[in-house]
Structure formats: structure tokens, C-alpha cells
Amino acid sequence: MNFQHQARTFSVLLEGINLNDIEAVPYCKKYLGHLLGHRNYYLDMYAAVLEKLLKQCHKPVTEICLIDTGAGNGILSLFASYCGFKSVLLNELDPHFVEAARQLSHQLKIPI
């Protein structure tokens, strides 16, 4: 799987995110704005991590369950789900970030 190509197409999806439609505490929204503003940098990093995971796992993405611990706004979780991982679990202690990730998931129509 070419995660770098997936990162480019996912980046286009993220361009359509309307921050005004995300009801979150100011810090969550500001952090999400930062991630979206630098999305190509973060998506390149996420793509590299997923490629290393795939090489170590020796399984196709459709057989891998991924847990994103400390998920924040859930961009990595959403990207992994977009790439076709069998299941993706978002693990975040801050309920404000969990809600922001849920709203982002809803806007993108990508389940996590």
C-alpha cells in the first residue's frame, strides 16, 4: 500500500473541513487548526509510521486493528481508517478532544 499517495488524497479531504462547524473548547479548536494548517507535514509522518507498521506486521491493512493512544483530535485515527485498516480505535483521556474527533469524523464521513 502506498500511504504517501493516500496522504495526498486525505489532505484534499481535510481541506474541506470547516472549523466553525466543530464545537469544541478553544484549545482543541486551535490545535486542530494547527494540524490542518500543517496537514501535509503530519500526514507524511503518519504515512511513514503506517508503512513501518505494515512492514513489521506482515499482514494486509484489512487484517490490522490499530489503537491510536493519545489521539487528540483523531487525525491519525481518521487517516488509518481512510487507508482501510480493519478497525481503528481512538484512545483519548480528554473528553473535549474525544468530542472534537467525533465531530471531525462526522464531517469527513469516516468512522473511528
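1. In this predicted model, a salt bridge joins the side chains of Arg 8 and Asp 44, with a nitrogen-to-oxygen distance of 2.9 Å. Because Arg 8 belongs to helix 1 (residues 3-15) while Asp 44 belongs to helix 3 (residues 39-57), this pair ties together parts of the structure that lie 36 residues apart in sequence. Arg 8 is partly exposed, at a relative accessible area of 34%, and Asp 44 is likewise counted as partly exposed, at 30%.

2. The Arg 8 pair is one of 3 salt bridges that the structure holds. As general background, side chains of opposite charge can pair when their charged atoms come close.

3. Another salt bridge brings together the side chains of Arg 39 and Glu 15, where the N to O distance is 3.4 Å. Here, too, distant parts of the chain are linked, since Arg 39 sits in helix 3 and Glu 15 in helix 1, with their positions 24 residues apart in sequence. Glu 15 is exposed, having a relative accessible area of 52%.

4. The pairing of Glu 99 with Arg 102 is also a salt bridge, and the closest N and O atoms of these residues are 2.5 Å apart. Both residues lie in helix 5 (residues 95-108), where a spacing of 3 residues corresponds to about one turn of the helix. Glu 99 is partly exposed, with a relative accessible area of 30%, and Arg 102 also counts as partly exposed, at 47% relative accessibility.

5. Turning to the interior, the largest nonpolar core has 32 residues, and those that touch the most other members are Phe 10, Ile 75, Phe 79 and Phe 85. At least two residues of this core come from each of helix 1, helix 2 (26-37), helix 3, helix 4 (75-82) and helix 5. Helix 3 supplies the largest share, namely 6 residues. In soluble globular proteins, nonpolar side chains tend to be buried together.

6. Which residues does Phe 10 contact, once its neighbours within four places in sequence are left aside? The contacts of Phe 10 are Leu 43, Ile 75, Leu 78, Phe 79, Tyr 82, Leu 108 and Ile 110. Among these partners, Ile 75 and Phe 79 are also named with Phe 10 as the core residues that touch the most other members.

7. Taken together, helix 1 and helix 3 are joined by the salt bridge between Arg 8 and Asp 44 and by the one between Arg 39 and Glu 15, and both helices also contribute to the largest nonpolar core.

Terms used: Residues are numbered from 1 along each chain as its sequence is written. This is a predicted model: local features need pLDDT of at least 70, side-chain atom pairs count only at pLDDT 80 or more; totals for chains, interfaces and linings use all residues. Side-chain values use heavy atoms; hydrogens and water are left out. A salt bridge is a side-chain nitrogen of Lys or Arg within 4 Å of a carboxyl oxygen of Asp or Glu. Helices (H or I, at least four residues) and strands (E, at least two) are DSSP runs, numbered from the N terminus. Buried means under 20% relative accessible area, exposed over 50%, partly exposed in between (1.4 Å probe, protein chains only). A nonpolar core is a set of buried Ala, Val, Leu, Ile, Met, Phe, Trp, Tyr and Cys residues joined through side-chain atoms within 4.5 Å. Contact means heavy atoms within 4.5 Å.
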